[in-house]
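This briefing concerns the nonpolar core, the salt bridges and the surface charge of one model. Please consult the sequence and coordinates shown here.

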Amino acid sequence: MLSLAIRICSSPAINNSCYLLNQKFLSQLSDFDEERGFVYPFPKEKLIIKTVRSGGPGGQRRDKRETKVQIKVNISQADWISYRTKDSLAKKLDNSGHLQINDETSRSQSSNKTECLNKLYRLLLEHSYVPPEPTEEELASDRRKEKARKEKRKQANRAKKYHSKRDHPFSW
């Protein structure tokens with residue numbers, strides 16, 4: 001949808017209105033994902049993107065090219081991630097408080113960078129999930145199950161009391 005708006009905006013006469021349209025689209029996208037617990041598209045200036053040489057076998061090409069991509073996010077200073085999501089991500093942080101994501105699956109640096117950003121997106125989605133509120137039917141079902149459990153426990157306690165009060169055949 002964004003590319004469609006840019007193609008339509010090739011005329012200089014309506015360039016300003018298309019810019020506003022694009023900004024409105026991006027703000028709607030950001031607001032929509034903010035409900036999930038983070039803002040998308042990610043603010044690239046707040047990500048630390050580093051390229052390093054990949055490890056493992058591969059010969060001369062692997063020794064010369066920096067195709068492995070590492071993305072670090074300082075979670076404590078990331079104002080584009082909600083507190084709920086930050087709390088959920090706390091176990092995945094390193095000692096310095098950064099969330100680190102690596103990828104070296106491809107021979108291409110750009111595809112590894114794209115895959116790292118996709119991993120970050122999926123990780124934030126996973127940790128920002130909020131289950132929906134239970135419906136009345138689910139609550140009623142839970143109440144029936146709890147009532148049945150209590151009744152079963154009550155019967156088990158009655159059986160224990162009955163068996164303990166009987167005289168034991170070997171008692172003196």
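The points below are grouped by topic.

This is a predicted model, in which local features need pLDDT of at least 70, side-chain atom pairs count only at pLDDT 80 or more, and totals for chains, interfaces and linings use all residues. Residues are numbered from 1 along each chain as its sequence is written, and side-chain values use heavy atoms, with hydrogens and water left out.

**Nonpolar core**
- The largest nonpolar core (buried Ala, Val, Leu, Ile, Met, Phe, Trp, Tyr and Cys residues joined through side-chain atoms within 4.5 Å) has 19 residues, and V73 and W80 have the most contacts inside it.
- Two or more residues each come from strand 2 (68-74), strand 3 (98-103) and helix 5 (109-127); helices are DSSP runs of H or I with at least four residues, and strands are runs of E with at least two.
- Helix 5 gives the most to this core, with five residues.

**Salt bridges**
- The structure holds four salt bridges, each a side-chain nitrogen of Lys or Arg within 4 Å of a carboxyl oxygen of Asp or Glu.
- One of them joins K119 and D103 at 3.1 Å, N to O, and links distant parts of the chain, with K119 in helix 5 and D103 in strand 3, 16 residues apart.
- D103 is buried, with a relative accessible area of 3%, whereas K119 is partly exposed at 28% (buried means under 20%, exposed over 50%, partly exposed in between; 1.4 Å probe, protein chains only).
- E146 and R149 form a salt bridge at 2.5 Å, N to O; they are separated by about one helical turn because they lie three residues apart in helix 6.
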